[in-house]
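Please open the model in a viewer and keep the selection panel at hand. The tour proceeds by selections, each followed by a note on what is to be found there.

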Amino acid sequence: MSVVTVQLGQCGNQVGQELFDVLCSDALAGHRKTYSTASCERFFHLTSQGDLEARAVLIDMEPKAINSSMTKALKGGRWRYGEASHFSQKQGSGNNWANGFCVHGPRHKDAVEELVRREVERCDRLAGLMTMMSVAGGTGSGVGTYITQCLRDIYPASFILNHLTWPYGTGEVILQNYNSVLTLAHLYQLSDAIVVHENDTVHGICSRLLNIKAIAFTDINRVIAHQLGGVLQPALTPDSNGVYSLNPLGELVSALCCHPEYKLLSVSTIPQMPSSSVPYSSFSWTGLLKHLRQMLISNTKMEEGIDWHVRPPPASGRIRSVAGSSFNTSLANLLILRGKDVYCAETGNFEEATIYTPWLSPAEAFSAWKSPIPFNKYEKSATLVSNSQALLGPLEDIVRKAWNMFASR
Amino acid sequence: MEEGVISQILQGPLRELFDSAQLLTDVSGSGNNWATGHMTYGSVYRELIVDKLRKAAELCDCLQCFFLIHSLGGGTGSGLGTRVLGLLEEEFPGVSRIVTSMYPSAEDDVITSPYNSVLAMRELTEHAHCVLPVENQSLMDIVQKIQMVAHGAKPELMVRRNATLSSGQGGVHEVEKPFDAMNNIVANLLLNMTSSARFEGCLNVDLNEIAMNLVPFPRLHYLVPSLAPLYTLADVNAVPRRLDQMFSDAFSKDYQLIHANPKQSMYLACALMVRGNVHVSDLRRNIERLRPSLSFVSWNQEGWKTGLCSVPPVGHSHSLLALANNTCVKLNFMELKERFSKLYRKKAHLHHFLHVEGMDLGCFTEATSSLDSLIEEYDSLDATKDQATPDPLRLRIAT
């Protein structure tokens with residue numbers, strides 16, 4: 001029931017630190033003993049002095065990002081990273097996937113495997129491994145892919161969830177398209193599920209929903225951490241028999257990744273608003289779920305600017321539509337509800353056959369997890385993890401640009 | 001190859017930084033002759049240079065890159081400098097070589113500078129990973145502009161500079177030597193480039209990432225540098241410009257460190273390295289704002305490399321270094337070629353070069369043809385500018 005996180009590269013380490021921050025503050029908030037114990041057990045190791053140590057391994061080919069993440073964690077005072085749970089070199093990967101995958105990965109394989117093995121052995125029971133990285137750089141993408149391959153070899157029976165951050169479409173790194181394509185191609189064979197966050201989308205959430213004027217990477221990372229936290233914190237699942245699930249990654253994978261060719265998952269959360277507005281807002285599950293469903297089928301990632309005209313095609317005479325229609329067909333959806341009155345929430349409109357592909361029955365395609373504990377200060381919140389056509393557009397863009405660069409001259 | 005400059009450094013405030021083992025001087029200089037520097041001194045001092053380099057490299061935990069700083073117009077910097085570049089490639093093949101070269105301006109005081117430069121350029125094209133060309137004329141223009149702004153905008157600044165009371169700012173010298181302000185700008189260029197390697201930030205850019213991202217084909221590695229805001233030693237208290245203005249400035253031709261107008265030519269790639277209190281949203285906003293006025297090559301339409309470093313330069317809240325791999329450098333090369341041809345046609349001053357052992361006309365012809373083919377490569381890329389290139393056909397997936 002414990003998850004070991006491997007943070008790779010600057011992005012992975014920065015996002016990972018924010019994620020553990022969110023998880024820790026949510027776990028320790030209020031008097032919620034069972035939830036708190038379950039959450040801490042899942043992500044933290046309780047040292048003999050009573051400190052919380054994150055079950056994480058930090059890897060980078062240059063030391064600055066790791067140092068700053070570890071210092072930030074220490075400064076917060078509520079949790080920290082293990083003193084020896086990090087590995088860094090001095091020279092960086094130069095934004096080069098090949099450098100990461102073929103040179104640095106094999107060179108440092110033993111050291112990294114040792115660090116992960118130590119973390120895994122400290123868990124009573126391993127729920128799975130989660131890697132966090134970006135696809136644009138060199139270390140996260142290259143070394144991350146290589147390490148995933150190693151982990152797959154060493155832990156063949158464990159679930160591996162890869163969390164990827166996709167870069168801005170207008171460029172952060174010129175080689176980002178090559179690095180992304182190479183990473184995704186390899187990860188598809190190795191990973192059980194790939195959860196994606198795109199910088200463009202999260203940037204939009206920061207500016208339009210959270211009203212942040214000067215958006216820094218910390219803001220972006222916090223939104224990602226909030227969305228991931230909503231997925232990973234303990235919840236009651238259909239299989240968990242009235243207690244918090246002991247197998248979160250396994251149940252996520254079995255709920256969503258029903259076919260080995262379809263592993264890309266996207267995440268949407270509702271509501272998302274500036275923290276100053278939260279105490280003055282109240283929500284109903286009906287309202288939240290209605291918006292979330294429309295966000296899903298119209299492929300909008302935030303509750304502003306939703307196109308309410310998009311409707312599922314009629315049940316009879318449905319043609320298998322290709323990307324081009326604005327309706328987002330899902331393969332499978334996982335809805336996670338947290339907060340007050342969660343058992344009264346009606347999820348029926350997510351179970352309609354029209355929003356799913358015809359070859360899977362809605363009963364199998366849709367799952368719902370619930371937790372009566374409010375998450376991260378929102379009285380009611382809903383997270384939707386979706387295996388759908390949503391990422392097709394950005395993926396097509398990345399592949400097209402990579403091909404253009406490759407095939408020219 | 002002459003002692004004067006190094007002696008001056010050893011008597012100045014930085015003398016503690018240099019060890020005698022790192023220094024190499026000779027007596028008579030290279031006489032502004034590339035061949036003397038490259039062939040004669042190159043052979044004489046080869047072993048010693050390799051030895052000193054090896055000693056310095058061994059002191060490093062992890063050697064990432066060599067910086068070569070020299071001018072192309074003279075004899076030692078140009079000739080011996082490019083010889084050292086070749087040595088670095090032989091002895092340390094895995095380490096990248098970033099070269100900052102001072103290109104001679106049209107009114108250069110060294111008559112043989114076109115010869116020296118063209119001969120050196122061949123070496124740079126073959127052996128360097130990445131070259132940052134800088135021109136003296138541009139630096140002079142920039143220094144003049146700074147002085148105009150400082151004097152025009154704030155008359156009281158002039159009074160303060162001459163006051164006997166110390167103003168307590170770092171780096172204000174009473175007696176400024178003529179090239180100091182210009183050299184300071186180049187120093188700032190290098191400082192900004194290495195800032196992400198030295199300080200932390202939310203989006204680090206290492207030195208090896210610069211060449212990796214900005215050089216699409218090995219020979220096309222000439223990057224046009226531009227800095228904003230501009231300031232010199234004595235000007236640390238300049239008026240802070242608005243952030244967006246800083247981005248616009250970096251793309252205007254007055255801020256480039258060589259005479260070039262990148263906006264009118266094609267970008268192969270561009271890097272923006274920002275220091276200070278700048279957020280990713282500011283960066284994105286400015287990229288979106290400036291993008292329509294720039295033309296990028298067809299296979300790299302959104303080719304931006306961005307870096308954010310949290311620590312700003314001394315006395316400023318933010319600064320920007322833009323490195324552009326742009327086809328406008330071909331115009332500088334064509335001018336250089338022109339000046340070279342003027343002399344070469346008449347075989348003027350050629351005998352000084354040919355008298356040096358190891359040098360013959362073949363070297364000249366090779367150097368010219370290397371420069372020609374470089375110009376042609378940039379030309380052929382330029383020809384695709386503004387052409388709507390259709391996307392190449394995608395691969396078919398086997399079903």
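The stops below begin with one chain as a whole, continue to one of its helices, and end at the contact between two chains. The model is predicted.

**Chain A as a whole**

Select chain A and colour by secondary structure: 12 helices and 13 strands should appear. Along the principal axes, the C-alpha atoms of this chain fill a box of roughly 65 × 60 × 45 Å. The radius of gyration of chain A is 20 Å, which agrees with the value near 22 Å that a compact globule of 409 residues would have.

Next, colour chain A by accessibility. Of its 409 residues, 62% are buried. Contacts in chain A may also be sorted by sequence separation: among those between residues at least 6 apart in sequence, 79% join residues at least 24 apart.

**Helix α9 of chain A**

Now select residues 248–256 of chain A, which form helix α9. Is this helix enclosed or open to its surroundings? Because 8 of its 9 residues are buried, α9 is largely enclosed by the rest of the structure. To inspect the buried positions, display A:Pro248, A:Leu249, A:Gly250, A:Glu251, A:Leu252, A:Val253, A:Ala255 and A:Leu256. A charged residue, A:Glu251, is thus among the buried positions of this helix.

**The contact between chains A and B**

Show both chains and select the residues in contact: 38 come from chain A and 40 from chain B. The area buried between the two chains is about 3400 Å², and carbon and sulfur atoms give 53% of it. On the chain B side, pick out B:Arg284, B:Trp299 and B:Arg394; these supply 19% of the area that chain B buries against chain A, more than any other three residues.

For the polar part of the contact, display the pairs across the boundary. There are 18 residue pairs in polar contact between the chains, counting residues at pLDDT 80 or more. Salt bridges between chain B and chain A number 2. For one salt bridge, zoom to A:Lys90 and B:Asp61, where the closest N and O atoms are 3.0 Å apart.

Finally, colour the touching side of chain B by element. Those giving two or more residues are α7 (180–198), α8 (207–214), β5 (266–276), α10 (280–290), β7 (304–309) and α13 (361–383) of chain B. Which of them gives the most? That element is α8(B), with 5 residues. Recoloured by residue class, this side of chain B divides into 18 nonpolar, 12 polar and 10 charged residues.

Technical notes. Residues numbered from 1 in each chain as written. Chains lettered and ligands numbered in written order. Predicted model: local features only at pLDDT ≥ 70, side-chain atom pairs only at ≥ 80, totals over all residues. Heavy atoms only, no water. Contact = heavy atoms within 4.5 Å. Buried area = accessible area lost by both parts, 1.4 Å probe. Salt bridge = Lys/Arg side-chain N within 4 Å of Asp/Glu carboxyl O. Polar contact = N/O pair within 3.5 Å; in protein donor to acceptor, adjacent residues only side chain to side chain. Helix = DSSP H or I, 4+ residues; strand = E, 2+ residues; numbered from the N terminus. Rg over C-alpha atoms; globule rule 2.2 N^0.38 Å. Buried < 20%, exposed > 50% of the residue type's maximum accessible area, 1.4 Å probe, protein only.
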